[in-house]
Amino acid sequence: MAIEIREHVPGQDLSDFLRVPRIVYAGDPNWVQPLDFEMKQRLTPGKNPFFHRGELALFTAWKDGRLVGRISAQLDHEHLRKYEDRTGFFGFFDTVDDEEVGKALVDAASKWVARRGMHRMRGPFSLTINEELGVLIEGFDTPPVLMMNHHRPWQDRVALASGLEKAKDFYAWRFDVGEIPPRALKAWEETKALPEVRLRSVEPSKMDRELRIILDIFNDAWKDNWGFVPATEEEAKKMGEDLKLILDKELAFIAEVDGKAVAMCIALPNLNEVIRDFDGKLNPVTLGKLIWRLKIKRPKSARLVMLGIRSEMRHQRRYAGLSHALYVEVAKRGEKLGYEWGELSWTLEDNRPINLGIKSMGARIYKKYRVYEKAVQGG
């Protein structure tokens with residue numbers, strides 16, 4: 001039978017779109033179902049600041065009357081303002097093992113972005129490059145951590161058969177708590193010994209101020225990265241609200257030099273470890289479990305989501321050890337709190353300085369993600 005593509009209205013018609021992962025990943029022991037209420041908020045205008053910077057369409061695929069896949073198509077006007085490259089995006093690309101299904105979904109997303117004047121489509125980004133990105137192409141044997149994608153092994157093949165081509169690969173690194181390499185430890189000791197340097201924890205009671213500092217460093221430190229789009233103040237505010245429950249202040253800290261914030265490191269407890277048995281449901285019982293597991297029992301894993309140094313500091317010899325100092329500091333803090341391992345993600349495949357720095361800490365690449373792109377017709 002022919003494949004039927006249905007379009008869904010963001011915020012109004014989400015049930016089938018959100019049901020797709022339960023079908024695609026049924027029986028996958030490493031799949032972690034995201035919390036349904038959080039996903040609904042992300043896809044609802046008025047609940048997610050994305051809708052102030054972008055446009056979104058949602059599609060599902062049906063074959064023989066069965067739900068078999070999904071995809072989103074979106075415009076990010078912040079990206080278009082910065083790059084002027086007529087590039088639209090897609091995300092939430094999950095299908096059964098059927099290349100025809102993948103092609104039908106990619107075609108639907110391509111036509112949607114083309115009708116809005118785009119010449120190219122890139123993804124998956126769900127919804128922006130600052131959120132979940134890429135199709136998992138290596139590392140299927142372990143669950144995804146907080147805000148990282150998971151896919152079936154066939155998804156890359158389905159993507160390529162749909163006319164998508166590789167644009168960039170991204171790495172996720174695993175660091176197991178234990179002995180720190182002597183060179184990194186020395187850099188940490190020497191940097192902390194500098195009288196003008198201070199590593200201080202983020203203050204949750206002053207989160208609005210702290211987030212402005214973090215956002216400022218983030219936008220400066222990442223400005224030259226491939227595809228980077230600055231986060232807006234509105235997005236930072238929403239992030240602060242979301243972090244209030246899960247933030248462990250000891251894993252989030254800012255480096256100051258003579259009282260000026262010059263770097264930051266933000267690691268988060270791995271929420272996916274906490275919610276694996278929730279099946280996406282948050283009710284009084286699971287909420288109680290979530291709080292107890294986060295605050296009392298504590299997860300054994302965390303994700304380093306941000307580590308950035310202002311560009312003006314990178315070539316000052318006096319602070320050459322600052323990046324290693326941040327890595328060692330978060331490792332030592334995590335070990336003290338009982339964390340056993342952490343994921344550092346993501347990094348660009350061709351960001352050699354960052355990848356060498358992480359590797360020198362003893363971390364190893366344990367997952368790889370791929371972002372694709374294709375020309376679209378009629379733009």
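1. Arginine 120 has a relative accessible area of 27% and is therefore partly exposed, since that value lies between the 20% under which a residue is called buried and the 50% over which a residue is called exposed. This value, like the others in this note, comes from a predicted model. The side chain of arginine 120 meets that of aspartate 85 in a salt bridge, with 3.6 Å from N to O. Because aspartate 85 sits in the loop between helix 3 and strand 4 (87-95), while arginine 120 belongs to strand 5 (residues 120-123), the pair ties together parts that are 35 residues apart in sequence.

2. A second pair worth following in the structure is formed by aspartate 97 and arginine 157, whose side chains meet in a salt bridge of 2.8 Å, N to O. Aspartate 97 lies in the loop between strand 4 and helix 4 (99-114) and arginine 157 lies in helix 5 (residues 155-161), so this salt bridge ties together parts that are 60 residues apart in sequence. Both partners can be placed on the accessibility scale: aspartate 97, at 44% relative accessibility, counts as partly exposed, and arginine 157, with a relative accessible area of 37%, is partly exposed as well.

3. Helix 5 also takes part in a salt bridge between arginine 370 and aspartate 156, in which the closest N and O atoms are 3.8 Å apart. Here the pair links distant parts of the chain, with arginine 370 in strand 15 (residues 364-375) and aspartate 156 in helix 5, 214 residues apart. Are these two residues buried or exposed? Arginine 370 is buried, and aspartate 156 is buried too.

4. Beyond these individual pairs, the count of salt bridges comes to 45. Some are joined into a network, which links Arg198, Arg200, Glu203, Lys206, Arg209, Glu210 and Glu256. As general background, side chains of opposite charge can pair when their charged atoms come close.

5. The domain assignment divides the protein chain into domain 1 (3-170 + 370-375) and domain 2 (178-339), and the centres of domain 1 and domain 2, taken over C-alpha atoms, are 28 Å apart. To the contact between them, domain 1 contributes 32 residues and domain 2 contributes 27 residues.

6. How much area is buried between domain 1 and domain 2? The area is about 2500 Å², and carbon and sulfur atoms give 59% of it. On the side of domain 1, Leu35, Pro49 and Leu146 lose the most area to domain 2, and together they account for 25% of what that side buries.

7. Polar and charged groups also meet across this contact, for there are 3 salt bridges between domain 1 and domain 2, together with 15 residue pairs in polar contact. The side of domain 1 that touches domain 2 draws at least two residues from each of helix 2 (36-42), helix 3 (77-83) and strand 9 (165-176), and helix 3 gives the largest share, 4 residues. By class, this side of domain 1 has 17 nonpolar, 6 polar and 9 charged residues. A separate salt bridge to look up is that of arginine 53 with glutamate 235, whose closest N and O atoms are 2.7 Å apart.

8. Histidine 79 is found in helix 3 and, at 2% relative accessibility, counts as buried because this value is under 20%. Leaving aside residues up to four places away in sequence, histidine 79 touches Glu84, Asp85, Thr87, Phe89, Arg122 and Val229.

Note on methods: Residues numbered from 1 in each chain as written. Predicted model: local features only at pLDDT ≥ 70, side-chain atom pairs only at ≥ 80, totals over all residues. Heavy atoms only, no water. Domains from an automatic or database assignment. Contact = heavy atoms within 4.5 Å. Buried area = accessible area lost by both parts, 1.4 Å probe. Salt bridge = Lys/Arg side-chain N within 4 Å of Asp/Glu carboxyl O. Polar contact = N/O pair within 3.5 Å; in protein donor to acceptor, adjacent residues only side chain to side chain. Nonpolar A, V, L, I, M, F, W, Y, C, P; charged D, E, K, R; others polar. Buried < 20%, exposed > 50% of the residue type's maximum accessible area, 1.4 Å probe, protein only.
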